[in-house]
Amino acid sequence: MSWRRQSILSAGQFSARDLEEILNLSGKLETALKNSRNLKLLDDYVLATLFFEPSTRTRLSFEAAMHRLGGRVISAVGMQFSSLAKGETLFDTLKMVESYSDICAIRHSVEGASSLAARSIRIPVINAGDGAGEHPTQGLLDLYTIHRRGYLERPQMTVAFIGDIKYGRTIHSLVQLLSHFKVNLVFISPRELSLPEKYHDLLKRAGVSYSETEDISALREAHVGYVTRIQEERFIDHREYEKFKDAYVVDAELVGQCRKDLIVMHPLPRLTEVSTDLDAHPSAVYFEQANNGLYVRMALILGLLDINY
Ligand code: CP
C-alpha cells in the first residue's frame, strides 16, 4: 500500500520505494519554492495543528508548508487553551477537528496518541511527536538532509547517534528509515539511555551492522553525527536527568579530530550538547536540517491529500 492517503504514524510504515518518492517530491518542491512563494495547490484545504507539547520547528514548518501550498491552517496549541482543560476527552476534541479540517498534525506526550487519533477520525493524521515514541516526519527531513548532502548514495556510510537514545523519538524514527540503506550505525550514550530493545530487533531483522558505546571518540569514524538533547521531560526521577544532562558535548575541538567530511546534525532544540562554537563550521547542518522540514512537510501534505505535483 502506498504512503499516499494514509496517516503517518511511524517511520516503520514506509517502504524503500515510498522513501524514494518522498525524497524526490521534496526536492521538486524545494526547487519550485525558489521560483514561487506560493504554489497555490491547496486552495480549498485546511490543516489542523494540535500541539499538546511545546514545539517551534514542527508546528511552524507544518503551518508554513500548508501556507506555501496555498492552503489554510487552524491551530490548537497547549491543552490549557482548548476544551481539554475543561475536561473534554481527546476523542471528542478529535471529532471536532475531523469536521473542521482535511488533515491533522498532532503532538502529544502520550506514546500512541496519534495512532489513537487515526483510529478515531477519517482524515489523515500525522504523528508530530508522541512522547518518547516516534517523530516520523522529523526522521524524513533528517533523511532528506543526509540525501541532499550526498551521503545516502555512498557505498559505505557510518551514522553515529549521540545522546539520549532511549527517549530520543527522532532517533527511533530515523533508525527505521536508515535501515533501508547501506549504513553502519554507532549508538553513543550512557548505558542507562541506550537503544530500546525493539530497535535492536528491528536492526537485526534488517541486517544492519551496528554497535553501542559510551565513548564519544567513536564519532571520529562517522560520516554523520546525529546529536540529541537529553530529554529532561521524559525522566521520572529528576536526579537521573541531572546525572546525564552534560554527558556529551560536540564542539569545534572534537569535530577537528573527526573526518573532514563529517556532518553534524541535531533535530533541535539544543541545550549544551552542540556547542555554539560549531555553528559557523562547515560540518554544522542543523539549521539547514530544520529548513529542509518545510519541503518535506509540503511533500507529505500533498501526498496525504493525494494531490499530484
Ligand atoms: N525537532 C523538533 O521536533 O523541534 P520542535 O520541538 O521545535 O518542534
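**Two domains and a ligand**

Analyst: Hi! Let's start where the two domains meet: domain 1 and domain 2 bury about 1200 Å² between them, and 53% of that area is on carbon and sulfur atoms. One thing to keep in mind is that this is a predicted model.

User: Thanks! Which residues of domain 1 lose the most area to domain 2?

Analyst: Those are Arg57, Ala132 and Glu134, which together make up 38% of what the domain 1 side buries.

User: And where are the domains along the chain?

Analyst: The domain assignment puts domain 1 at 11-134 + 293-304 and domain 2 at 150-284. Their C-alpha centres lie 26 Å apart.

User: How many residues are in contact?

Analyst: On the domain 1 side there are 18 residues, in contact with 14 residues of domain 2.

User: What about salt bridges between domain 1 and domain 2, how many are there?

Analyst: The count is two. In the structure you can look for Glu53, which forms a salt bridge with Arg169; the closest N and O atoms of this pair are 3.1 Å apart.

User: And how many residue pairs are in polar contact across that interface?

Analyst: There are 10 such pairs, with both residues at pLDDT 80 or more.

User: Which elements of domain 1 give two or more residues to the side that touches domain 2?

Analyst: Helix α1 (16-35) and the strands β3 (103-108) and β4 (125-130) do. The most come from α1, with three residues. Sorted by class, the domain 1 side that touches domain 2 has six nonpolar, seven polar and five charged residues.

User: Let's switch to the ligand. Which residues are around it?

Analyst: You'll find Ser55, Thr56, Arg57, Thr58, Arg107, His135, Gln138, Pro267 and Leu268 around the ligand. Arg57 may ring a bell, as it was one of the residues in domain 1 that lose the most area to domain 2.

User: Nice. How far is Arg57 from an oxygen atom of the ligand?

Analyst: A backbone N or O atom of Arg57 is 3.0 Å from a ligand oxygen. With Thr58, a side-chain N or O atom lies 2.6 Å from an oxygen of the ligand. For Arg107 the distance from a side-chain N or O atom to a ligand oxygen is 2.9 Å.

User: Last one: how many salt bridges are in the whole structure?

Analyst: The search finds 19. One of them pairs Asp306 with Arg4, their closest N and O atoms being 3.5 Å apart. That pair links distant parts of the chain, 302 residues apart: Asp306 sits in the segment after α10 (286-304) and Arg4 in the segment before α1.

Note on methods. Residues are numbered from 1 along each chain as its sequence is written. This is a predicted model: local features need pLDDT of at least 70, side-chain atom pairs count only at pLDDT 80 or more; totals for chains, interfaces and linings use all residues. Side-chain values use heavy atoms; hydrogens and water are left out. Domain bounds come from an automatic or database domain assignment. Contact means heavy atoms within 4.5 Å. Buried area is the accessible area (1.4 Å probe) that two parts lose on being put together, summed over both. A salt bridge is a side-chain nitrogen of Lys or Arg within 4 Å of a carboxyl oxygen of Asp or Glu. A polar contact is a pair of N or O atoms within 3.5 Å; within protein, one must be able to donate a hydrogen and the other to accept it, and residues adjacent in sequence count only if both atoms are side-chain atoms. Helices (H or I, at least four residues) and strands (E, at least two) are DSSP runs, numbered from the N terminus. Ala, Val, Leu, Ile, Met, Phe, Trp, Tyr, Cys and Pro count as nonpolar, Asp, Glu, Lys and Arg as charged, and the others, Gly among them, as polar. A residue is near a molecule or strand if one of its heavy atoms lies within 4 Å of it.
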